[in-house]
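Work through the exercises below with the structure open. Try each task before reading its solution.

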Amino acid sequence: MIGRYPTPIERFAGLSTPRTTLWVKRDDLTAPRYGGNKVRKLDFLLPEAERRGVRRIVTIGAAGSHHVLATTLYARERGIDVVGLMTSQPRSPHAVEMLRASLGAGLDARAAPRMSDVLRLLPSVRRKGDWVVPPGGSNPVGTVGYLEAAIELAEQIDRGEAEAPDVVVVALGSGGTAAGIVAGLAAAGLAAKVVAVRIVPPSLAGAGRTLALAKAALARSVLRASTAALFRGLEVDGGWLGRGYGHPTDEGEAASARAADHGLGLDPTYTAKTFAAALARVESGAARHVLYWHTLSSAPMAPLLASAPAEADLAPELAALFR
Ligand SMILES: *Cc1c(COP(=O)(O)O)cnc(C)c1O
């Protein structure tokens, strides 16, 4: 097991209102070397890779992908190699650091600027003993990690560590995180609505795909939930994307500043937009208890960058992925 569970759940009194309490589920703290949401997926993906005798994982992500970094760090610890087909994304200091850290951890990175390049390269990269893991680690196996996370939350509520949320706000990228939470909350009999804040274009994520992933994860576990409960438990909120994936928004930057005042570090791609949505739900006063599920690692980057190439030393085709 990579992760240290349960992760804490905290009341954020300073960002609550008299009507609505803000809670934060601290999945930034899933693991000390590198945390965030990808750790929970890898806690199911890597044992599955070992069961299958996989020698190399081939996966896909944006140039600054957290998923590719986490996969490289923890697969390499287990002697499994990682190839990443990396797509282009807007340049940010954070994204560049992620790629540098991935390379420092031993990633074999191949530039595939557009999805069509990924599809073209994949057959030629693939060889015997490889396992192709989709973007974000969001196959049914990885999604079980978030099904378990929602059960963990239900147990924390049972123990009186937090009030049952009316709304759970979480980022929606490749969908495994939101899908697992929807499935786990429904299986636990919690009526919370998961507000999945879409940070990619509608063609890449939506309710249909997310619910299909929720069902596929349930099918791999002993837990059960009705289709009606899954359907009721998910709302996709596409109102925070701005110009697109990886482009910062004014609302996101404002939310980042407020989060920083309360000790929470956010990134422009996922968590700034999602936290902005959570704050809006708190301020609307429509729900009593809003839980923001924090998904970005807060582990220090310095140790991961110590052995990483400098930006100036990136291969030109990798450097060119940052537009
Ligand atoms: C990958 C990621 C997400 C999105 O999770 P998905 O399961 O891909 O939808 C959210 N936040 C952060 C920080 C991430 O790295």
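The exercises go from the whole chain to salt bridges, one helix and the cores.

This is a predicted model, in which local features need pLDDT of at least 70, side-chain atom pairs count only at pLDDT 80 or more, and totals for chains, interfaces and linings use all residues. Residues are numbered from 1 along each chain as its sequence is written, and side-chain values use heavy atoms, with hydrogens and water left out.

**Exercise 1. Describe the overall build of the protein chain.**

Step 1. Take the secondary structure: the protein chain has 12 helices and 10 strands. Helices (H or I, at least four residues) and strands (E, at least two) are DSSP runs, numbered from the N terminus.

Step 2. Check the compactness. The radius of gyration is 19 Å, close to the 20 Å from the globule rule for 323 residues, so the chain is as compact as a globular protein of that length. The radius is taken over C-alpha atoms, and the rule is 2.2 Å times the number of residues to the power 0.38.

Step 3. Look at burial. Buried residues are 59% of the 323. Buried means under 20% relative accessible area, exposed over 50%, and partly exposed in between (1.4 Å probe, protein chains only).

**Exercise 2. Compare the settings of three salt bridges.**

Step 1. Fix the cut-off: a side-chain nitrogen of Lys or Arg within 4 Å of a carboxyl oxygen of Asp or Glu. The whole structure holds 19 such bridges.

Step 2. Start with Asp130 and Arg56, whose side chains meet at 2.7 Å, N to O. Asp130 sits in strand β6 (residues 130-133) and Arg56 in strand β3 (residues 56-62), 74 residues apart. Asp130 is buried at 13% relative accessible area. Arg56 is buried too, at 5%.

Step 3. Go to Arg91 and Glu311, with closest N and O atoms 2.7 Å apart. Arg91 is in the loop between β4 (81-87) and α3 (93-104), and Glu311 in the loop between α11 (302-305) and α12 (316-319), so the pair ties together parts 220 residues apart in sequence. Arg91 is partly exposed at 43%. Glu311 is partly exposed at 35%.

Step 4. Finish with Asp117 and Arg120, bridged at 3.0 Å, N to O. They are three residues apart in helix α4 (residues 115-125), which means about one helical turn separates them. Asp117 is buried at 7%, whereas Arg120 is exposed at 55%.

**Exercise 3. Characterize helix α3 and find its cover.**

Step 1. Span: α3 has 12 residues and reaches 16 Å from first C-alpha to last, close to the 16 Å expected at 1.5 Å a residue. The expected span is 1.5 Å times one less than the number of residues.

Step 2. Burial: Ala95, Val96, Met98 and Leu99 are among the buried residues of α3.

Step 3. Cover: what lies over them includes α2 (66-77), β4, α11 and α12.

Step 4. Exit: just after α3, Gly106 takes a positive phi of about 105 degrees.

**Exercise 4. Which residues touch the most other members of the largest nonpolar core?**

Step 1. Such a core is a set of buried Ala, Val, Leu, Ile, Met, Phe, Trp, Tyr and Cys residues joined through side-chain atoms within 4.5 Å.

Step 2. Among its 39 residues, Tyr34, Ile57, Tyr74 and Met301 touch the most other members. Helix α2 gives the most to this core, with six residues.

Step 3. Met301 touches Tyr34, Leu69, Glu97, Met98 and Ala101, leaving out residues up to four places away in sequence. Contact means heavy atoms within 4.5 Å.

Step 4. A second, separate core of 38 residues includes Tyr146, Leu147, Leu218 and Leu230.
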